[in-house]
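Here are my notes on this entry, set out as numbered points. They take up a sheet and its helices in one chain and then the contact between the two chains.

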Amino acid sequence: VDFELGERSEAFRAEVREFLDEHMTPAVRERVRASGTMHDWELHKALAAKGWIAAGWPVEYGGQGRSPLEMTAMREELKKRHVPVEGLGMTMLVTHTIRRCGTEAMKADIIPRAINGEILICLGYSEPQGGSDVASARTSAARDGEHWVIDGQKVFTTMAETAQYVFLLTRTNTSVPKHKGLTMFLVPLDTPGITIDPIATLGGERTNQVFYDSVRVPDSARVGEVDGGWDVLMTALTYERSGIGDDSRMYNTAVDVARKAPDDAPYSITTSVVRERLARMATDREVAKLLGRRSCWIESTGGIPTAESSMHKLFNAESHLRWSTELLDLLGPAGLREVGDPDAPADGDIVEEFRRAVILPIWGGSSEVQRRIIAERHLQLPRSD
Amino acid sequence: MDLTPAPETTALVSALDALLAKESTPARVRVAETTGFDPALWATVTSFGIPGLALDAEIRSDELLVALAETAGTHLASVPLVETLVTASLLSGCTGEDAARLVAHIADGDIATFVLHPIRTAVAQLVPAGAIADIVLAYDGTDLTATIAPAPETMVANVASLPLADRDLNAGERLVLASGQHAAEIFATAQRRWQLLTAAQLVGIADKALQIGVEYVRGRVIFDRPVATFQTVAHRLADHVTDLDGARLLVQEAAWAADIHSPRATELATMAFCFIGEKATTIVGDCLHYHGGYGFTLEYDIQLYYRRARAYPLVWGPVAQEWQRLADELYGAVPMGAA
């Protein structure tokens, strides 16, 4: 038994840390806050220059062949510094899927540009009526000779305002069960007929609704088989299932605030209520870390963590959300002050986390979806409703 | 990173598991509830080599000890496995003829235990395994002593039928085994280890209770459908197995930290104790609840787990206060007079 990520991972972690000291400047954070876009092209290109966009990929595909444990160390460091890599994550998820399901021409076109940090790809799955029921997609793609004509509307297409492509889920057949009539396309976002409207969110992040009005794409934009879109989506889901290991940024911020607080502040580390809350939070973070690292370890042995990744996602999201609101309670009235207020504890980091954390049990497979996976696949319970 | 247990751990655990499956059935557990102890099982466990595993520093690892303790929890073994493993480890840290003599007694099957917290009076209350132990170790802030006296063989009646007893440490032969800094250090290690092994035992109890609960809700039909097909039931069980896996990983990490002499060993053991100390009652309680009225009857086994899940952490003290001790470990004690 060994709970360390290992020497190679720790050496890589140190390298990532050094890189972030130089590149993850306060200016990056300011740009992200001002735009609401969780992506920074300057930083992205710097990561590409290091070869880290696809660090975990095999060398023959342009990666560095780093192990799942090295990738865990990298993700932990990125999380610790609040680095905006959501765009990178989505892009590589799609690029991974293209590597598995795309044509040779598409692979040759997309993979090098993605790895070199030239393009971003966003996800066009969700629709206004669909929510977590992704397979209920209605956006239609109709064949027209060597082309397809796409009509419909997507929501929560985060990064559409800065990405070059959208990985689009469409309905190509309405006369079969819903999972069997779906087809995936990789659509350039500058194609005529696409309109992008921003959606403001509680967390300050920008997302979008995207309208597709007679959008014509060649058949070469198709990924996978016609009506085989669900299988392509499932391929995407197996990519880096393991998530992160240690994500203690909010906890460390809270401990720091409590240590520096005057003794008479309600959130002082000398207060027993505060001490208990922080000790409980430390324990939850440890458990979340262990559940995450277990998934990484399973990946590193060649396995696919299914229920294990669901457990990590569920525990991490639920506990993170709970602590984002409990920490705010500890701060008392001062917790109400937001980012930009010089009197805000921790520069408003905790209240910002309170705003943001509500999305965690919703996106990337809601907590209800994770519980269903755990109940059915791990506990072998029958389907419930 | 490698979560594969050592081959010796796997082999010993599967042997103990097979033994307890045969010799610690729910029927045997029920018989032992009058005394809190199953002497025939103890004889079997002793010949299996339980005390020896902890006495030999070459074989002993916390990784192995927590795996054995979890197995004992799974089967609700009515023997003082945790106290034996911890006290034997504690004694093997003492030098001198007296300690050697006690080690020989333990190797022969005599039961030894220790008082969990530093003593302030001659009578220690509710000593774990106190009803059946011939040797009781205690630490008074200066000396680690052993009291040798025949076990009272009468337990204080308690919610989980544990062999607890009040022990007068002056009644019997009393030996000083260690003093000063050395005594303080080995006693602190024993405390840490007892918390960790108890956490492991609770993981075993909660794991088995969850299996019983899952099996029950799959088979039991109500409103014309299995209980398991109600989402409120399935989803809560999914939360519970997630907490349980987390608790087991925490126990294993704490054991590993101790084995590599990590400075985090103590805080991780306390985290594990607090986390599963609270979760076990919730997990087992829900599994009892899903039995409906049958869960309230003595006939069904789930109540055996419910009472023990509640009782084991209480032998140490209130978990609610233990979070403060964890905070002291993590943030340093609050200076006197502050707050």
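1. In this predicted model, helix H8 (residues 180–219) of chain B lies across E1, E3, E4 and E6 of chain B, and its direction makes an angle of about 100° with E6(B). Helix H6 (residues 81–92) of chain B also lies across E1, E3 (135–139), E4 and E6 of chain B, running at about 85° to E1(B).

2. The strands that these helices cross make up an open sheet of four in chain B, ordered E1-E3-E4-E6 with mixed pairing. Its edges are E1 (112–114) and E6 (173–179) of chain B, each of which pairs on one side only, and neighbouring strands are turned by 20° against each other on average, direction ignored.

3. Within the sheet, E4 (residues 143–148) of chain B runs antiparallel to E6(B) and is joined to it by six bridges; Ile148(B) has Glu173(B) as its bridge partner in E6(B).

4. Turning to the interface, 44 residues of chain A are in contact with 47 residues of chain B. The two chains bury about 4300 Å² between them, with 64% of this on carbon and sulfur atoms; in chain A, Val1(A), Phe3(A) and Arg275(A) lose the most area to chain B, together 18% of what that side buries.

5. Between chain A and chain B there are seven salt bridges, and Arg371(A) forms a salt bridge with Asp239(B) in which the closest N and O atoms are 2.9 Å apart. Polar contacts between the chains number 19 residue pairs, both residues being at pLDDT 80 or more.

6. On the side of chain A that touches chain B, H9(A) gives the largest share, 17 residues. By class, that side has 22 nonpolar, six polar and 16 charged residues.

Technical notes:
Residues numbered from 1 in each chain as written. Chains lettered and ligands numbered in written order. Predicted model: local features only at pLDDT ≥ 70, side-chain atom pairs only at ≥ 80, totals over all residues. Heavy atoms only, no water. Contact = heavy atoms within 4.5 Å. Buried area = accessible area lost by both parts, 1.4 Å probe. Salt bridge = Lys/Arg side-chain N within 4 Å of Asp/Glu carboxyl O. Polar contact = N/O pair within 3.5 Å; in protein donor to acceptor, adjacent residues only side chain to side chain. Helix = DSSP H or I, 4+ residues; strand = E, 2+ residues; numbered from the N terminus. Nonpolar A, V, L, I, M, F, W, Y, C, P; charged D, E, K, R; others polar. Pairing = 2+ DSSP bridges. Axes fitted to C-alpha atoms, helices over the stretch in contact; angles between N-to-C directions.
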